[in-house]
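Reader: I'd like a close look at one part of this model, with the cut-offs spelled out as you go.

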Amino acid sequence: MSARVSSKRARTRGFSLLELLVAFAIMAISLSLLYRMAGGSARNVSDAAQRQQAVWLAESLLARRSSVFSDGWNEEGESAGLSWQVHSTLHDSGRNTPLAIPLHRIKVTVAWTAGTRPGQFELTTLRPQAPQPPGSTTR
């Protein structure tokens, strides 16, 4: 009887091969999920930094002008790997009185490519039309 008990004890001491395979499979799945999460976080940080640069560029472009000439504002260029465009259209405010100051809708678009993924940021605001100098004619 003691031989039987000792042989049962010897069998129950360690893990079976199936238990080890299941444990390694669970560990591998967990590690791959952690790896994906860490990679996604690093990619999100990079995207956020690129987007912040685009916001700064758009705001600095808008800060260049406090008003818009009557013929509008259409310009484009590139700066630090970011391509940008400024486009304006006359805004219809619904007030057509002679004292109403015309407004222009300004749209600044900043685009970039981070690796294979393109990104774009748009900023829209209103700016008043610059007053005509005395003695000048309207186009």
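Reader: Is His104 buried or exposed, and what does the sheet around it look like?

Author: First, the ground rules. This is a predicted model, so local features need pLDDT of at least 70 and side-chain atom pairs count only at pLDDT 80 or more, while totals for chains, interfaces and linings use all residues. Residues are numbered from 1 along each chain as its sequence is written, and side-chain values use heavy atoms, with hydrogens and water left out.

Now to your residue. His104 is buried, at a relative accessible area of 3% (buried means under 20%, exposed over 50%, partly exposed in between, with a 1.4 Å probe and protein chains only). His104 sits in strand β3 (strands are DSSP runs of E, at least two residues; helices are runs of H or I, at least four; both are numbered from the N terminus). Setting aside residues up to four places away in sequence, His104 touches a list of residues that includes Phe69, Ser88, Leu90, Leu126 and Gln129 (contact means heavy atoms within 4.5 Å). With Gln129 there's also a side-chain to side-chain polar contact at 3.0 Å (a pair of N or O atoms within 3.5 Å; within protein, one must be able to donate a hydrogen and the other to accept it, and residues adjacent in sequence count only if both atoms are side-chain atoms).

Zooming out, the sheet is open, with 4 strands in the order β1-β2-β3-β4 and antiparallel pairing (two strands pair if DSSP finds at least two bridges between them). β1 and β4 (117-128) are at the edges with a single partner strand each, so one side of each has no neighbour in the sheet. At the β1 end, 5 bridges join β1 (residues 75-79) to β2 (residues 82-91). Glu75 has Val86 as its bridge partner, and Glu78 has Ser83. The hairpin of β1 and β2 has 2 residues between the strands, and Ala80 there takes a positive phi near 50°.

Back on β3 (residues 103-114), you'll also find Thr109. Thr109 is buried too, at 13%, and, beyond its neighbours within four places in sequence, is in contact with Ser83, Trp84, Gln85, Gln120, Phe121 and Glu122.

Then there's the largest nonpolar core, with 16 residues, of which Val86, Ile106, Val108 and Val110 touch the most other members (such a core is a set of buried Ala, Val, Leu, Ile, Met, Phe, Trp, Tyr and Cys residues joined through side-chain atoms within 4.5 Å). α2 (17-63), β2 and β3 each give two or more residues to this core, and α2 gives the most, with 6 residues.
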